[in-house]
Amino acid sequence: MRQNDQPRPDDRGPGQRPPYQGAPANALPLTASEDRQWATMAHFGGILGFIPSMIIYLVFRDRGPFTAQESKEALNFTLPPTIIAMVAWLLSFIPVIGWVFAILNAMLWVVIAVSSVVAGIECNRGRPYRYPLNLRRIQ
């Protein structure tokens, strides 16, 4: 016998099952307040780029309809500008003209942050929010 007195698989004898290991847990649906909370967080996460809304969309899209709708909207809004901002950040290291891209990058992040806060406030009130300029590529 081993130290924890559990029999090894070959010590159990014929016809005995292995000890119970547990079952995978299925996620429960979100309550109405949790649904609104995660939808709000998806919009507020836009301040940091598209990663927070993408994580919320992937984790909670099957658990709450409002979260699925709003996190997809936030993801569609934040993905293209985040990519453009990253490219502008890289181009800002070019000597002489890099300052133009640095200013573009800063302006882009201000627009994303302000739009995300406005959307988060509306969403926290329980109202769906549609960004005026959104490509809506993720269906």
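Arg-125 and Glu-122 meet through their side chains in a salt bridge, at 3.3 Å from N to O. This is a predicted model, and in it the structure holds 3 salt bridges. Arg-125 sits out in the open, exposed at a relative accessible area of 54%. Glu-122 has a relative accessibility of 21%, so it counts as partly exposed; the cut-off for buried is under 20%. Glu-122 also forms a salt bridge with Arg-127, again with the closest N and O atoms 3.3 Å apart. Arg-127 comes out as partly exposed, at 40% relative accessibility. Since the salt bridges share partners, Glu-122, Arg-125 and Arg-127 end up joined into one network.

Another salt bridge pairs Arg-130 with Glu-73, and here the closest N and O atoms are 3.3 Å apart. Arg-130 belongs to the segment after α4 while Glu-73 belongs to helix α3, so this pair ties together parts of the chain that lie 57 residues apart in sequence. As for their surroundings, Arg-130 is exposed at 54% relative accessibility, whereas Glu-73 is buried, with a relative accessible area of 4%.

Now for the overall layout. The chain has 4 helices and 0 strands, which reads along the sequence as α-α-α-α. Of the 139 residues in the chain, 32% are buried. Taking contacts between residues at least 6 apart in sequence, 69% join residues at least 24 apart. On the outside, the chain exposes about 9600 Å², with carbon and sulfur atoms supplying 64% of that area.

Inside, the largest nonpolar core is a set of 9 residues: Leu-30, Ala-42, Ile-56, Phe-60, Ala-74, Phe-77, Ala-119, Tyr-129 and Tyr-131. Helices α2 and α3 each put at least two residues into this core. Two of its members can be followed through their contacts. Leu-30 is found in the segment before α1 and is buried, with a relative accessible area of 13%. Leaving out neighbours within four places in sequence, Leu-30 is in contact with Asp-35, Trp-38, Phe-60, Arg-63, Gly-64 and Thr-67. Leu-30 and Pro-65 are separated by 35 residues in sequence, yet their C-alpha atoms are 9.0 Å apart in space. Ile-56, for its part, touches Trp-38, Met-41, Ala-42, Arg-61, Thr-67 and Ser-71, once residues up to four places away in sequence are set aside. Trp-38 turns up in the contacts of Leu-30 and in those of Ile-56, and so does Thr-67.

The aromatic rings come next. Searching the whole structure turns up 4 aromatic pairs. One of them is the stacked pair of Trp-38 and Phe-60, with 4.4 Å from centre to centre and 25° between the planes. This pair links distant parts of the chain, with Trp-38 in helix α1 (residues 32–44) and Phe-60 in helix α2 (residues 51–60), 22 residues apart. Trp-38 has 28% relative accessibility and so counts as partly exposed; Phe-60 is at 10% and therefore counts as buried. Tyr-129 and Tyr-131 make another pair, and this one is edge-to-face because the ring planes stand at 85°, with the centres 5.2 Å apart. Both Tyr-129 and Tyr-131 are buried. Ring pairs also bring in Phe-77, linking Phe-77, Tyr-129 and Tyr-131 into a cluster; these three residues are listed in the largest nonpolar core as well.

Not everything nonpolar is tucked away. Ile-83, Val-87, Leu-91, Ile-94, Val-96 and Ile-97 make a nonpolar surface patch of about 510 Å². Of these, Ile-94 is found in the loop between α3 (65–91) and α4 (98–124). Ile-94 has a relative accessible area of 34%, so it is partly exposed.

How values were computed: Residues numbered from 1 in each chain as written. Predicted model: local features only at pLDDT ≥ 70, side-chain atom pairs only at ≥ 80, totals over all residues. Heavy atoms only, no water. Phe/Tyr/Trp six-rings, centres within 6.5 Å; stacked < 30°, edge-to-face > 60°. Buried < 20%, exposed > 50% of the residue type's maximum accessible area, 1.4 Å probe, protein only. Patch = residues over 30% accessible without salt bridge, like charges linked within 9 Å, V, L, I, M, F, W, Y side chains within 5 Å. Areas by Shrake-Rupley, 256 points an atom, 1.4 Å probe, with all protein chains shown as cover. Salt bridge = Lys/Arg side-chain N within 4 Å of Asp/Glu carboxyl O. Core = buried A, V, L, I, M, F, W, Y, C linked by side-chain atoms within 4.5 Å. Contact = heavy atoms within 4.5 Å.
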